[in-house]
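These notebook entries record what I looked up, one topic at a time. I began with the aromatic rings and then turned to a loop residue and a pair of helices.

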Amino acid sequence: MKFFDRIKERQQLQGALARTLSSGSQLTVVTGRRRIGKTKLILNSFPDEVMVYWFVTRSNEAMLCGEFAQVATEKLGVLIPNEVKNFSKLFELVMQVGRHQSFTLVIDEFQEFFTINAAVFSQIQSIWDQYKDTTKVNLIVSGSVHSLMKRIFQDSHEPLFGRASQIIQLRPFRTDVLKDILQTYNPQYASEDLLALYAFTGGVPKYIELLMDRGCVTKDQMIECIVEPGSLFLTEGRDLLVMEFGRDYGTYFSIISSIAAGFTTQGQITSLLGGASIGGQLKKLEEEYELIQKKRPIFSKPGSQNVQFALKDQFLRFWFRYMYKYRSLIEMDQSQALKTIIERDYTTFTGFALEDYFREKLQETGKYLMVDSWWQMKKGEPQAEIDIVATDLTTKVAFVAEVKRQRSQFREREFLDKVEILKTKELKNWTLSPQPSCLTMDDM
């Protein structure tokens, strides 16, 4: 698949290179989940520059240094002895080259030094502080284990805290980019195909690339590709998160699976897990791993107890809903049975994804300060739920909408009654513009 978007991020990386040439060495951190395209972004940002690329694997430090020294020698044209056995010495030698020539040094999967030699981080800090003002090294480090990368560079107790000139958090493709990609590979695509691409991949570049390169550009083709034996999709969620959670992944998987299945309150999840205490895990999933988020009705106070939990990653919602739940079918090589289940549940499953799609699309316009949903479920009050409320607090204008796959499913009178409740509760002095409406797949 060709390279799409990432215009802002490329500009940030190229800006760091420009500052390196004018002001001295810069350190840029690129983070983001696995498969989000960090390496591809970095390599595409400097096609004509001298670049030393080191990929950190869980290996012996001395062996890694030998490999890294060889790469540096070839790219820089300066002999870096491959007899160097520790990374701190190798890093210092390469920084010294930066006194005489400028270049980009990329250290990929940087967090793996935790398993190789955790002292590397303090050693790098000392060398960096010593050489950064007298060298021209555009240092870029990237990593896929979010919790560890956050700890390395954002924990005030860690040696590399405050050393990064900028931290780039790479996120999934926006909805307009998804449309551009599908238009490129399937000019006659239907809205159903776009929704499937969003729901199955969550906008993650690698998953999209796997589908597009295989010519799987329609909903049915995507499902077929996803469930075929040996497909990366079948084990990806486990491979992605076991690295994050370590030996305690079982409880975390159960919590995420519960949320993906529609059990979204702490009470519901606790009950489903047999009364287990999960407050600590929920807190970590939200704050440390940033995989879930608390959702409250729009306008609610931060401390409101009217809380539901939601997965932030569309792909993981799909993976836990099907691949994890029906892993026994995968183990028995029953791909067609899994396909049947996905097709059977598809309409219901993608209904929630369609709501998320429109919320993201509205947020991306830049017109609204808040885009969220609203609900009222208190006893003694009319129960009401509205899919989308988008607000511009500076002008007191709000956009309110219901989301349906087809307009024929829209019950306008019922919806307007719920809007009246919302206006009474939260929008007394607001203008609704345009008038409350229904968003359907025709509006994607």
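**Entry 1: aromatic pairs.** I searched the whole structure, which is a predicted model, and found 33 aromatic pairs. I then looked at F110 and F121, which form an edge-to-face pair with 5.4 Å from centre to centre and 70° between the planes. I noted that this pair links distant parts of the chain, with the two positions 11 residues apart in the numbering. F110 is in the loop between strand 3 (103–108) and helix 5 (113–116), whereas F121 belongs to helix 6 (residues 120–131).

Are these two rings buried or exposed? I found F110 at 2% relative accessibility, so this residue counts as buried. F121 also has 2% relative accessibility and therefore counts as buried. The cut-off I applied is a relative accessible area under 20%.

**Entry 2: another pair.** I next examined F253 and F320, whose ring centres are 5.3 Å apart. Their planes stand at 80°, so I recorded the pair as edge-to-face; the cut-off for that label is over 60 degrees. F253 lies in helix 13 (residues 249–260) and F320 in helix 16 (residues 314–324), so I recorded a link between distant parts of the chain, 67 residues apart. F253 is buried at 1% relative accessibility, and F320 is buried at 1% as well.

**Entry 3: a cluster of rings.** Which residues do ring pairs link into a cluster? I listed W54, F68, F87, F91, F110, F113, F114, F121 and F153. F110 and F121, from my first entry, are thus among the members.

**Entry 4: a loop residue.** I located N186 in the loop between helix 8 (175–185) and helix 9 (191–201). Its relative accessible area is 12%, so I entered N186 as buried. The N186 side chain reaches the backbone oxygen of V217 at 3.3 Å. Setting aside neighbours within four places in sequence, I found N186 in contact with D193, V217 and T218.

**Entry 5: two packed helices.** Two packed helices are described by the angle and the distance between their axes. For helix 11 (residues 219–227) and helix 18 (residues 335–364), I noted an angle of about 140° and axes 9 Å apart. The crossing of helix 11 past helix 18 is right-handed. On the helix 11 side, K219, I223, E224 and V227 take part in the contact. They meet S335, Q336, L338, K339, I342, E343 and Y346 of helix 18. I sorted the residues of this contact into 5 nonpolar, 2 polar and 4 charged.

Notes: Residues numbered from 1 in each chain as written. Heavy atoms only, no water. Axes fitted to C-alpha atoms, helices over the stretch in contact; angles between N-to-C directions. Helix = DSSP H or I, 4+ residues; strand = E, 2+ residues; numbered from the N terminus. Left-handed = near helix turned anticlockwise from the far one by under 90°. Contact = heavy atoms within 4.5 Å. Nonpolar A, V, L, I, M, F, W, Y, C, P; charged D, E, K, R; others polar. Buried < 20%, exposed > 50% of the residue type's maximum accessible area, 1.4 Å probe, protein only. Polar contact = N/O pair within 3.5 Å; in protein donor to acceptor, adjacent residues only side chain to side chain. Phe/Tyr/Trp six-rings, centres within 6.5 Å; stacked < 30°, edge-to-face > 60°.
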